Amino acid sequence: MGKILKSKSSWPRTVVRKWLNLRSGAYEFHSDYPVKGKMEPTQSRRKSCSDGDYYKIMPEKFPGLLGQGNGDLKQSTGEQHVTRVDDKLDLKMFVGTWNVGGKSPHDGLDLKDWLQSPADADIYVLGFQEIVPLNAGNVLGAEDNGPVAKWLSLIREALNNNNHNLSQNDLQLSKNHRTSFELTKSSQQPRLSFSSISDDNPVSCNSTTPQGYSLAASKQMVGIFLCVWVRDDLRKRITNLKVSCVGRGIMGYLGNKGSISISMSVHETSLCFVCTHLTSGEKEGDEVRRNLDVTEILKRTRFSRSSKDSRPETIMDHDKVIWLGDLNYRLRASSDVHEQLNNNDWEALLEKDQLKIEQRAGRVFQGWEEGRIYFAPTYKYLINSDNYVAQTEKSKEKRRTPAWCDRILWKGDGMKQIWYTRGESRFSDHRPVQSLFSVHIDLTLNQSNRKTKPNNQNHRPNPVLPYTCHGKVQAEEILLLTRAQSCIDTQPRLISSVS
(Lines give C-alpha, C1' and ligand atoms only; values in the text may rest on other atoms or scores of the structure.)
Protein backbone atom coordinates (compact mmCIF):
# COMPACT_ATOMS: atom_id res chain seq x y z
CA MET A 1 0.00 0.00 0.00
CA GLY A 2 1.15 3.51 -0.66
CA LYS A 3 0.73 6.60 1.46
CA ILE A 4 0.90 10.34 0.91
CA LEU A 5 3.90 11.71 2.77
CA LYS A 6 2.99 15.38 2.58
CA SER A 7 -0.19 17.15 1.61
CA LYS A 8 0.09 19.80 -1.09
CA SER A 9 -1.71 22.43 0.95
CA SER A 10 0.89 22.35 3.74
CA TRP A 11 3.85 23.04 1.43
CA PRO A 12 3.35 26.80 0.85
CA ARG A 13 3.05 27.49 4.58
CA THR A 14 6.24 25.56 5.31
CA VAL A 15 8.12 27.27 2.47
CA VAL A 16 7.06 30.76 3.56
CA ARG A 17 8.09 30.13 7.16
CA LYS A 18 11.49 28.87 6.07
CA TRP A 19 11.88 31.68 3.52
CA LEU A 20 11.22 34.30 6.20
CA ASN A 21 13.35 32.39 8.70
CA LEU A 22 10.32 32.01 10.98
CA ARG A 23 11.10 28.64 12.49
CA SER A 24 8.74 28.06 15.39
CA GLY A 25 11.23 25.77 17.09
CA ALA A 26 14.35 27.83 16.49
CA TYR A 27 15.20 28.00 20.19
CA GLU A 28 14.03 24.51 21.09
CA PHE A 29 16.27 21.49 21.37
CA HIS A 30 16.26 17.90 22.49
CA SER A 31 17.88 16.71 25.72
CA ASP A 32 18.04 13.66 27.98
CA TYR A 33 17.71 15.82 31.06
CA PRO A 34 14.13 15.27 32.32
CA VAL A 35 11.92 18.07 33.58
CA LYS A 36 9.82 17.36 36.63
CA GLY A 37 6.23 18.47 36.87
CA LYS A 38 3.84 19.69 34.19
CA MET A 39 4.83 21.95 31.36
CA GLU A 40 2.90 25.04 30.48
CA PRO A 41 0.54 24.87 27.49
CA THR A 42 3.03 26.85 25.38
CA GLN A 43 5.71 24.32 26.26
CA SER A 44 3.96 21.30 24.79
CA ARG A 45 5.81 18.01 24.59
CA ARG A 46 6.97 17.18 21.08
CA LYS A 47 7.36 13.68 19.75
CA SER A 48 10.77 12.32 20.58
CA CYS A 49 13.22 11.58 17.79
CA SER A 50 14.53 8.62 19.76
CA ASP A 51 13.19 5.11 19.82
CA GLY A 52 13.84 5.13 23.56
CA ASP A 53 11.93 8.38 24.10
CA TYR A 54 14.94 10.07 25.67
CA TYR A 55 14.61 13.50 24.15
CA LYS A 56 12.60 16.35 25.57
CA ILE A 57 11.90 19.79 24.20
CA MET A 58 13.34 22.41 26.51
CA PRO A 59 11.37 25.68 26.57
CA GLU A 60 13.15 28.83 25.47
CA LYS A 61 13.06 30.48 28.90
CA PHE A 62 14.01 27.41 30.90
CA PRO A 63 16.47 28.59 33.59
CA GLY A 64 19.01 25.84 33.14
CA LEU A 65 19.85 22.29 34.00
CA LEU A 66 20.80 22.81 37.61
CA GLY A 67 17.48 24.43 38.42
CA GLN A 68 19.50 26.65 40.81
CA GLY A 69 18.55 24.42 43.70
CA ASN A 70 14.84 24.48 42.98
CA GLY A 71 14.58 20.76 42.37
CA ASP A 72 13.30 21.10 38.82
CA LEU A 73 15.66 18.49 37.46
CA LYS A 74 16.95 15.13 38.48
CA GLN A 75 20.66 15.38 39.13
CA SER A 76 23.38 12.80 39.33
CA THR A 77 25.96 12.99 42.10
CA GLY A 78 29.69 12.48 42.26
CA GLU A 79 32.53 13.60 40.00
CA GLN A 80 34.76 10.55 39.86
CA HIS A 81 36.37 11.33 36.51
CA VAL A 82 36.76 15.10 36.57
CA THR A 83 40.17 16.26 37.81
CA ARG A 84 39.81 18.96 40.45
CA VAL A 85 42.87 20.88 41.59
CA ASP A 86 42.19 23.51 44.26
CA ASP A 87 39.74 25.89 42.61
CA LYS A 88 39.89 24.55 39.05
CA LEU A 89 38.41 21.70 37.04
CA ASP A 90 40.46 20.16 34.26
CA LEU A 91 38.06 18.69 31.70
CA LYS A 92 38.75 16.70 28.56
CA MET A 93 36.57 17.68 25.59
CA PHE A 94 36.28 15.65 22.40
CA VAL A 95 35.20 17.58 19.29
CA GLY A 96 34.30 15.88 16.02
CA THR A 97 32.91 17.03 12.68
CA TRP A 98 31.71 14.96 9.73
CA ASN A 99 30.01 15.74 6.43
CA VAL A 100 28.13 12.50 5.80
CA GLY A 101 27.03 13.37 2.27
CA GLY A 102 23.28 13.07 2.80
CA LYS A 103 23.52 9.38 3.66
CA SER A 104 21.48 7.87 6.47
CA PRO A 105 23.55 5.49 8.62
CA HIS A 106 22.97 1.79 8.28
CA ASP A 107 22.45 -0.44 11.30
CA GLY A 108 25.73 -1.48 12.82
CA LEU A 109 27.79 1.41 11.38
CA ASP A 110 30.96 1.42 13.49
CA LEU A 111 31.75 4.89 14.87
CA LYS A 112 34.83 3.70 16.75
CA ASP A 113 37.22 5.15 14.19
CA TRP A 114 35.69 8.60 14.65
CA LEU A 115 35.03 8.62 18.41
CA GLN A 116 38.24 7.00 19.59
CA SER A 117 40.66 9.29 21.40
CA PRO A 118 43.77 9.10 23.59
CA ALA A 119 41.65 9.38 26.76
CA ASP A 120 38.06 9.36 27.94
CA ALA A 121 36.46 12.75 27.44
CA ASP A 122 34.08 14.47 29.85
CA ILE A 123 32.22 16.23 27.04
CA TYR A 124 31.66 15.13 23.43
CA VAL A 125 30.75 17.80 20.86
CA LEU A 126 29.73 16.17 17.58
CA GLY A 127 28.74 18.11 14.49
CA PHE A 128 27.35 16.86 11.18
CA GLN A 129 26.78 18.40 7.79
CA GLU A 130 24.49 17.06 5.06
CA ILE A 131 22.79 14.75 7.52
CA VAL A 132 19.99 14.72 4.93
CA PRO A 133 20.29 15.30 1.16
CA LEU A 134 20.23 19.01 0.34
CA ASN A 135 17.42 18.77 -2.20
CA ALA A 136 14.50 21.19 -2.61
CA GLY A 137 12.18 19.03 -0.51
CA ASN A 138 14.47 19.10 2.52
CA VAL A 139 15.55 22.73 2.13
CA LEU A 140 12.07 24.18 1.57
CA GLY A 141 9.84 21.51 3.06
CA ALA A 142 9.30 19.93 6.45
CA GLU A 143 12.39 18.84 8.34
CA ASP A 144 13.33 15.18 8.03
CA ASN A 145 14.61 14.07 11.44
CA GLY A 146 14.68 10.34 10.65
CA PRO A 147 18.47 10.18 10.09
CA VAL A 148 19.06 12.21 13.28
CA ALA A 149 17.39 9.51 15.37
CA LYS A 150 19.64 6.87 13.82
CA TRP A 151 22.83 8.88 14.41
CA LEU A 152 21.86 9.63 18.01
CA SER A 153 21.19 5.97 18.66
CA LEU A 154 24.57 4.94 17.21
CA ILE A 155 26.41 7.65 19.16
CA ARG A 156 24.68 6.72 22.41
CA GLU A 157 25.62 3.08 21.94
CA ALA A 158 29.23 3.91 21.03
CA LEU A 159 29.81 6.30 23.95
CA ASN A 160 28.26 4.05 26.54
CA ASN A 161 30.04 0.86 25.53
CA ASN A 162 33.20 2.21 27.21
CA ASN A 163 35.43 0.86 24.45
CA HIS A 164 36.00 3.94 22.32
CA ASN A 165 39.51 4.74 23.58
CA LEU A 166 42.45 4.43 21.24
CA SER A 167 44.50 1.31 21.71
CA GLN A 168 48.18 1.88 22.48
CA ASN A 169 49.01 0.83 18.90
CA ASP A 170 46.48 3.32 17.53
CA LEU A 171 48.16 6.06 19.54
CA GLN A 172 51.52 5.28 17.94
CA LEU A 173 49.94 5.25 14.48
CA SER A 174 48.30 8.61 15.13
CA LYS A 175 51.60 10.07 16.34
CA ASN A 176 53.39 8.82 13.25
CA HIS A 177 50.90 10.67 11.02
CA ARG A 178 53.13 13.69 11.61
CA THR A 179 55.85 12.24 9.39
CA SER A 180 53.92 10.07 6.97
CA PHE A 181 50.22 9.75 6.34
CA GLU A 182 50.22 6.12 5.19
CA LEU A 183 52.02 3.73 7.53
CA THR A 184 51.96 -0.02 7.54
CA LYS A 185 51.86 -2.03 10.74
CA SER A 186 55.39 -3.26 10.09
CA SER A 187 56.76 0.30 10.01
CA GLN A 188 55.42 1.21 13.45
CA GLN A 189 57.65 1.41 16.48
CA PRO A 190 56.98 -0.53 19.72
CA ARG A 191 53.79 0.33 21.54
CA LEU A 192 53.55 3.45 23.64
CA SER A 193 52.18 3.74 27.11
CA PHE A 194 50.12 6.79 27.97
CA SER A 195 52.96 7.99 30.19
CA SER A 196 55.33 8.14 27.22
CA ILE A 197 53.36 10.84 25.44
CA SER A 198 55.26 14.11 25.45
CA ASP A 199 54.51 16.75 28.07
CA ASP A 200 53.41 19.07 25.27
CA ASN A 201 50.32 16.92 24.81
CA PRO A 202 49.48 15.67 28.31
CA VAL A 203 46.83 12.96 28.52
CA SER A 204 45.75 11.83 31.96
CA CYS A 205 44.80 8.19 32.36
CA ASN A 206 42.00 7.76 34.86
CA SER A 207 41.75 4.48 36.69
CA THR A 208 38.13 4.86 37.71
CA THR A 209 35.42 3.06 35.81
CA PRO A 210 33.97 5.44 33.22
CA GLN A 211 30.39 6.47 33.74
CA GLY A 212 27.79 6.82 31.05
CA TYR A 213 27.06 9.79 28.80
CA SER A 214 23.79 11.63 28.36
CA LEU A 215 22.62 13.99 25.67
CA ALA A 216 22.81 17.55 26.99
CA ALA A 217 21.43 19.14 23.82
CA SER A 218 20.93 18.44 20.13
CA LYS A 219 19.62 20.59 17.30
CA GLN A 220 18.99 20.12 13.57
CA MET A 221 18.64 22.74 10.85
CA VAL A 222 18.05 21.03 7.48
CA GLY A 223 21.35 19.17 6.93
CA ILE A 224 23.32 20.65 9.84
CA PHE A 225 23.16 18.79 13.14
CA LEU A 226 24.95 19.44 16.42
CA CYS A 227 24.82 17.39 19.60
CA VAL A 228 26.62 17.70 22.95
CA TRP A 229 27.06 14.71 25.24
CA VAL A 230 28.12 15.04 28.87
CA ARG A 231 29.46 12.49 31.32
CA ASP A 232 26.77 11.71 33.86
CA ASP A 233 28.89 12.67 36.87
CA LEU A 234 29.38 16.15 35.37
CA ARG A 235 25.71 16.78 34.65
CA LYS A 236 24.99 18.75 37.80
CA ARG A 237 27.53 21.41 36.75
CA ILE A 238 25.91 22.04 33.34
CA THR A 239 23.57 25.04 33.23
CA ASN A 240 22.04 27.60 30.88
CA LEU A 241 21.67 25.45 27.78
CA LYS A 242 20.51 27.49 24.79
CA VAL A 243 20.62 27.19 21.00
CA SER A 244 20.67 29.60 18.08
CA CYS A 245 20.45 28.92 14.33
CA VAL A 246 21.53 31.09 11.42
CA GLY A 247 20.58 30.23 7.84
CA ARG A 248 23.09 31.25 5.16
CA GLY A 249 21.82 29.22 2.23
CA ILE A 250 19.50 30.37 -0.55
CA MET A 251 19.25 34.18 -0.58
CA GLY A 252 21.35 34.22 2.60
CA TYR A 253 18.61 32.92 4.89
CA LEU A 254 17.60 29.32 4.21
CA GLY A 255 19.16 26.49 6.16
CA ASN A 256 20.92 24.48 3.48
CA LYS A 257 24.01 26.38 4.65
CA GLY A 258 24.61 28.20 7.92
CA SER A 259 25.20 27.40 11.57
CA ILE A 260 23.84 25.85 14.74
CA SER A 261 25.30 27.16 17.99
CA ILE A 262 24.85 25.63 21.44
CA SER A 263 25.62 27.74 24.50
CA MET A 264 26.08 26.30 27.97
CA SER A 265 27.90 26.93 31.21
CA VAL A 266 30.12 24.60 33.25
CA HIS A 267 29.94 26.10 36.72
CA GLU A 268 30.16 29.79 35.68
CA THR A 269 32.43 29.33 32.67
CA SER A 270 30.50 29.86 29.44
CA LEU A 271 31.12 27.60 26.45
CA CYS A 272 29.84 27.98 22.90
CA PHE A 273 29.96 25.34 20.16
CA VAL A 274 29.36 26.53 16.59
CA CYS A 275 28.73 23.91 13.93
CA THR A 276 28.76 25.34 10.40
CA HIS A 277 28.40 24.40 6.76
CA LEU A 278 29.71 27.31 4.71
CA THR A 279 29.32 28.22 1.05
CA SER A 280 30.74 25.59 -1.30
CA GLY A 281 32.66 26.00 -4.54
CA GLU A 282 36.27 26.29 -5.63
CA LYS A 283 35.94 29.14 -8.14
CA GLU A 284 37.93 32.32 -7.59
CA GLY A 285 36.05 34.54 -5.17
CA ASP A 286 34.18 31.74 -3.40
CA GLU A 287 36.40 32.23 -0.36
CA VAL A 288 34.99 35.77 -0.05
CA ARG A 289 31.50 34.30 0.27
CA ARG A 290 32.72 31.95 2.97
CA ASN A 291 34.29 34.87 4.84
CA LEU A 292 30.95 36.65 4.62
CA ASP A 293 29.19 33.58 6.02
CA VAL A 294 31.46 33.69 9.07
CA THR A 295 30.84 37.41 9.56
CA GLU A 296 27.06 36.99 9.33
CA ILE A 297 27.02 34.01 11.69
CA LEU A 298 28.97 35.98 14.28
CA LYS A 299 26.65 38.96 13.83
CA ARG A 300 23.29 37.17 13.70
CA THR A 301 23.73 34.46 16.33
CA ARG A 302 21.79 35.47 19.43
CA PHE A 303 20.97 33.49 22.56
CA SER A 304 17.76 34.46 24.31
CA ARG A 305 18.11 36.15 27.68
CA SER A 306 16.28 38.64 29.87
CA SER A 307 17.26 42.31 30.10
CA LYS A 308 18.81 41.75 33.55
CA ASP A 309 20.65 38.58 32.53
CA SER A 310 24.43 38.87 32.25
CA ARG A 311 24.73 35.53 30.45
CA PRO A 312 26.32 35.51 26.97
CA GLU A 313 24.13 36.75 24.16
CA THR A 314 26.52 36.43 21.22
CA ILE A 315 29.17 33.89 20.25
CA MET A 316 32.02 36.20 21.20
CA ASP A 317 30.51 36.90 24.63
CA HIS A 318 31.51 33.39 25.73
CA ASP A 319 34.64 32.51 27.68
CA LYS A 320 35.55 29.64 25.35
CA VAL A 321 34.35 28.94 21.80
CA ILE A 322 34.78 25.93 19.52
CA TRP A 323 34.03 26.38 15.81
CA LEU A 324 33.69 23.15 13.85
CA GLY A 325 32.27 21.95 10.56
CA ASP A 326 32.63 21.81 6.81
CA LEU A 327 34.08 25.27 6.31
CA ASN A 328 34.57 24.47 2.62
CA TYR A 329 37.80 26.46 2.21
CA ARG A 330 39.74 24.98 -0.72
CA LEU A 331 43.27 25.05 -2.14
CA ARG A 332 44.29 27.87 -4.42
CA ALA A 333 44.71 26.66 -7.99
CA SER A 334 48.27 25.69 -8.82
CA SER A 335 49.94 23.47 -11.40
CA ASP A 336 51.86 21.48 -8.78
CA VAL A 337 48.90 20.61 -6.50
CA HIS A 338 48.49 17.06 -7.77
CA GLU A 339 52.22 16.37 -7.66
CA GLN A 340 52.38 17.53 -4.03
CA LEU A 341 49.29 15.45 -3.26
CA ASN A 342 50.89 12.31 -4.70
CA ASN A 343 54.02 13.02 -2.62
CA ASN A 344 52.00 13.52 0.59
CA ASP A 345 53.60 16.96 0.87
CA TRP A 346 50.97 18.38 3.21
CA GLU A 347 53.15 21.28 4.34
CA ALA A 348 53.49 22.60 0.79
CA LEU A 349 49.79 22.07 0.09
CA LEU A 350 48.79 23.93 3.24
CA GLU A 351 50.57 27.02 1.91
CA LYS A 352 47.76 27.10 -0.68
CA ASP A 353 44.98 26.58 1.89
CA GLN A 354 42.42 29.38 1.55
CA LEU A 355 41.51 29.42 5.24
CA LYS A 356 45.10 29.96 6.32
CA ILE A 357 45.63 32.57 3.61
CA GLU A 358 42.47 34.48 4.55
CA GLN A 359 43.25 34.21 8.26
CA ARG A 360 46.80 35.50 7.86
CA ALA A 361 45.46 38.43 5.83
CA GLY A 362 43.08 39.31 8.68
CA ARG A 363 39.94 38.78 6.60
CA VAL A 364 38.45 36.00 8.72
CA PHE A 365 38.86 34.31 12.14
CA GLN A 366 41.16 36.96 13.57
CA GLY A 367 42.58 35.78 16.87
CA TRP A 368 41.29 32.22 16.47
CA GLU A 369 43.55 29.19 16.78
CA GLU A 370 43.83 25.94 14.86
CA GLY A 371 46.19 23.07 15.55
CA ARG A 372 48.91 21.94 13.17
CA ILE A 373 47.55 19.72 10.41
CA TYR A 374 49.52 16.50 9.89
CA PHE A 375 46.80 14.59 8.06
CA ALA A 376 45.75 14.31 4.42
CA PRO A 377 43.02 16.48 2.86
CA THR A 378 39.58 15.29 3.93
CA TYR A 379 37.68 15.96 0.67
CA LYS A 380 36.72 14.79 -1.96
CA TYR A 381 36.83 10.98 -1.98
CA LEU A 382 35.08 8.38 -4.04
CA ILE A 383 32.48 6.69 -1.85
CA ASN A 384 33.82 3.54 -0.17
CA SER A 385 37.29 4.22 -1.52
CA ASP A 386 40.64 5.67 -0.49
CA ASN A 387 40.98 7.44 -3.84
CA TYR A 388 40.25 11.10 -4.39
CA VAL A 389 37.77 11.98 -7.12
CA ALA A 390 40.51 14.12 -8.73
CA GLN A 391 42.61 10.99 -9.24
CA THR A 392 39.98 9.21 -11.33
CA GLU A 393 37.51 11.76 -12.73
CA LYS A 394 38.25 12.88 -16.28
CA SER A 395 35.64 15.63 -16.44
CA LYS A 396 37.02 18.99 -15.29
CA GLU A 397 33.57 20.07 -14.17
CA LYS A 398 33.15 17.13 -11.78
CA ARG A 399 36.78 16.99 -10.67
CA ARG A 400 37.37 18.45 -7.20
CA THR A 401 40.84 19.41 -6.04
CA PRO A 402 41.40 17.70 -2.67
CA ALA A 403 41.15 20.13 0.25
CA TRP A 404 40.96 20.40 4.02
CA CYS A 405 37.29 21.40 4.06
CA ASP A 406 36.59 19.97 7.52
CA ARG A 407 38.16 21.96 10.36
CA ILE A 408 38.10 22.65 14.09
CA LEU A 409 39.12 26.06 15.49
CA TRP A 410 38.91 27.57 18.94
CA LYS A 411 39.13 30.85 20.83
CA GLY A 412 39.49 31.53 24.54
CA ASP A 413 41.91 31.21 27.43
CA GLY A 414 42.37 27.99 29.35
CA MET A 415 42.06 25.70 26.35
CA LYS A 416 44.82 23.46 25.02
CA GLN A 417 44.52 21.13 22.05
CA ILE A 418 45.94 17.70 22.79
CA TRP A 419 45.17 15.94 19.54
CA TYR A 420 43.99 16.84 16.03
CA THR A 421 43.54 14.20 13.37
CA ARG A 422 41.10 12.63 10.95
CA GLY A 423 39.26 9.32 10.80
CA GLU A 424 39.37 6.86 7.93
CA SER A 425 35.71 5.89 7.52
CA ARG A 426 34.77 5.50 3.83
CA PHE A 427 31.10 6.17 4.53
CA SER A 428 30.95 9.50 2.65
CA ASP A 429 33.05 11.63 0.30
CA HIS A 430 34.46 13.45 3.36
CA ARG A 431 36.69 11.97 6.04
CA PRO A 432 35.63 12.81 9.61
CA VAL A 433 37.87 15.04 11.72
CA GLN A 434 38.33 14.88 15.47
CA SER A 435 40.20 16.69 18.23
CA LEU A 436 40.74 16.42 21.96
CA PHE A 437 41.04 19.50 24.18
CA SER A 438 42.05 20.11 27.77
CA VAL A 439 39.71 22.74 29.18
CA HIS A 440 40.32 24.54 32.49
CA ILE A 441 37.24 25.62 34.41
CA ASP A 442 37.64 28.27 37.11
CA LEU A 443 35.49 27.36 40.12
CA THR A 444 36.01 30.73 41.79
CA LEU A 445 33.81 32.52 39.26
CA ASN A 446 30.27 33.40 40.23
CA GLN A 447 27.63 35.79 38.98
CA SER A 448 28.56 38.46 41.52
CA ASN A 449 32.18 38.74 40.40
CA ARG A 450 31.66 38.28 36.67
CA LYS A 451 31.57 41.23 34.32
CA THR A 452 29.52 41.18 31.17
CA LYS A 453 31.85 40.98 28.19
CA PRO A 454 31.53 43.92 25.81
CA ASN A 455 30.25 43.20 22.35
CA ASN A 456 33.14 42.23 20.10
CA GLN A 457 33.96 45.00 17.67
CA ASN A 458 36.73 43.27 15.76
CA HIS A 459 34.49 41.40 13.34
CA ARG A 460 33.68 43.89 10.64
CA PRO A 461 31.79 42.78 7.55
CA ASN A 462 33.98 41.67 4.69
CA PRO A 463 33.88 43.45 1.34
CA VAL A 464 30.73 42.62 -0.56
CA LEU A 465 30.83 40.30 -3.52
CA PRO A 466 31.72 41.75 -6.90
CA TYR A 467 28.58 42.77 -8.76
CA THR A 468 28.96 40.20 -11.53
CA CYS A 469 29.62 37.39 -9.06
CA HIS A 470 26.68 38.46 -6.90
CA GLY A 471 24.37 38.56 -9.92
CA LYS A 472 25.37 35.06 -10.94
CA VAL A 473 24.76 33.76 -7.43
CA GLN A 474 21.32 35.38 -7.37
CA ALA A 475 20.49 33.86 -10.75
CA GLU A 476 21.53 30.41 -9.57
CA GLU A 477 19.39 30.77 -6.45
CA ILE A 478 16.36 31.95 -8.42
CA LEU A 479 16.78 28.97 -10.74
CA LEU A 480 16.81 26.63 -7.75
CA LEU A 481 13.68 28.27 -6.34
CA THR A 482 11.93 27.97 -9.71
CA ARG A 483 12.69 24.28 -9.76
CA ALA A 484 11.55 23.95 -6.18
CA GLN A 485 8.30 25.73 -6.99
CA SER A 486 7.67 23.27 -9.80
CA CYS A 487 8.03 20.49 -7.25
CA ILE A 488 5.54 22.24 -4.97
CA ASP A 489 3.02 22.72 -7.78
CA THR A 490 2.99 19.08 -8.78
CA GLN A 491 0.37 16.74 -7.40
CA PRO A 492 1.35 14.71 -4.32
CA ARG A 493 2.97 11.46 -5.28
CA LEU A 494 2.18 8.09 -3.80
CA ILE A 495 5.27 6.55 -2.24
CA SER A 496 5.24 2.83 -1.90
CA SER A 497 5.93 1.78 1.64
CA VAL A 498 8.69 -0.73 2.17
CA SER A 499 8.15 -3.38 4.77
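The exercises below, each with a worked solution, concern a predicted model of one protein.

Residues are numbered from 1 along each chain as its sequence is written. Local features need pLDDT of at least 70 and side-chain atom pairs count only at pLDDT 80 or more, while totals for chains, interfaces and linings use all residues; side-chain values use heavy atoms, with hydrogens and water left out.

**Exercise 1. The whole chain**

State how many helices and strands the protein has, and what percentage of its residues count as buried.

Solution.
- Step 1. Helices (H or I, at least four residues) and strands (E, at least two) are DSSP runs, numbered from the N terminus. The protein has 10 helices and 16 strands.
- Step 2. Buried means under 20% relative accessible area, exposed over 50%, and partly exposed in between, with a 1.4 Å probe and protein chains only. Of the 499 residues, 52% count as buried.
- Step 3. The accessible surface, from the Shrake-Rupley method with a 1.4 Å probe, comes to about 23900 Å². Carbon and sulfur atoms hold 48% of that surface.
- Step 4. A contact means heavy atoms within 4.5 Å. Take the contacts between residues at least 6 apart in sequence: 74% of them join residues at least 24 apart.

**Exercise 2. A hairpin**

Determine how strands β7 and β8 are joined, and whether β7 is buried or exposed.

Solution.
- Step 1. Strand β7 covers residues 213-221 and strand β8 covers residues 224-231. Two strands pair if DSSP finds at least two bridges between them; here 8 bridges join β7 to β8, and the strands run antiparallel.
- Step 2. Within this pairing, Ser 218 stands opposite Cys 227 in β8.
- Step 3. The two strands form a hairpin with 2 residues between them. Val 222, in the turn, has a positive phi of about 55 degrees.
- Step 4. Strand β7 is largely enclosed by the rest of the structure, because 9 of its 9 residues are buried.

**Exercise 3. Aromatic pairs**

Describe the ring geometry of Phe 128 with Trp 151 and of Trp 323 with Trp 368, and place each residue in the chain.

Solution.
- Step 1. Rings of Phe, Tyr and Trp (its six-membered ring) pair if their centres lie within 6.5 Å; planes under 30 degrees apart count as stacked, over 60 as edge-to-face and the rest as tilted. The structure holds 16 aromatic pairs.
- Step 2. Phe 128 and Trp 151 form a tilted pair, 4.9 Å centre to centre with 45 degrees between the planes. This pair links distant parts of the chain: Phe 128 is in strand β6 (residues 123-129) and Trp 151 in helix α4 (residues 146-159), 23 residues apart. Phe 128 is buried at 0% relative accessibility, and Trp 151 is buried at 0%.
- Step 3. Trp 323 and Trp 368 form an edge-to-face pair, with 5.7 Å between centres and 90 degrees between planes. Trp 323 lies in strand β12 (residues 320-326) and Trp 368 in the loop between α9 and β13, 45 residues apart. Trp 323 is buried with a relative accessible area of 0%, and Trp 368 is buried at 6%.
- Step 4. Phe 128 and Trp 151 also belong to one aromatic cluster with Trp 98, Trp 114, Phe 225 and Phe 427.
- Step 5. A charge sits over a ring if NZ of Lys or CZ of Arg is within 6 Å of the ring centre and within 35 degrees of the ring normal. The charged end of Lys 103 sits over the ring of Phe 427, 4.3 Å from its centre. Arg 290 lies over the face of Tyr 329, at 5.5 Å from the ring centre.

**Exercise 4. The loop between α9 and β13**

Find the backbone features at Lys 380, Phe 365 and Asn 384, and say which of Phe 365 and Asn 384 is buried and which is exposed.

Solution.
- Step 1. Lys 380 is in the loop between α9 (354-360) and β13 (406-411). A cis peptide bond joins Tyr 379 to Lys 380, with omega about 5 degrees.
- Step 2. Phe 365 is in the loop between α9 and β13, and its phi is near 50 degrees, a positive value in a residue other than glycine. Phe 365 is buried, with a relative accessible area of 2%.
- Step 3. Asn 384 is found in the loop between α9 and β13. Its phi, near 55 degrees, is positive in a residue other than glycine. Asn 384 is exposed, with a relative accessible area of 58%.
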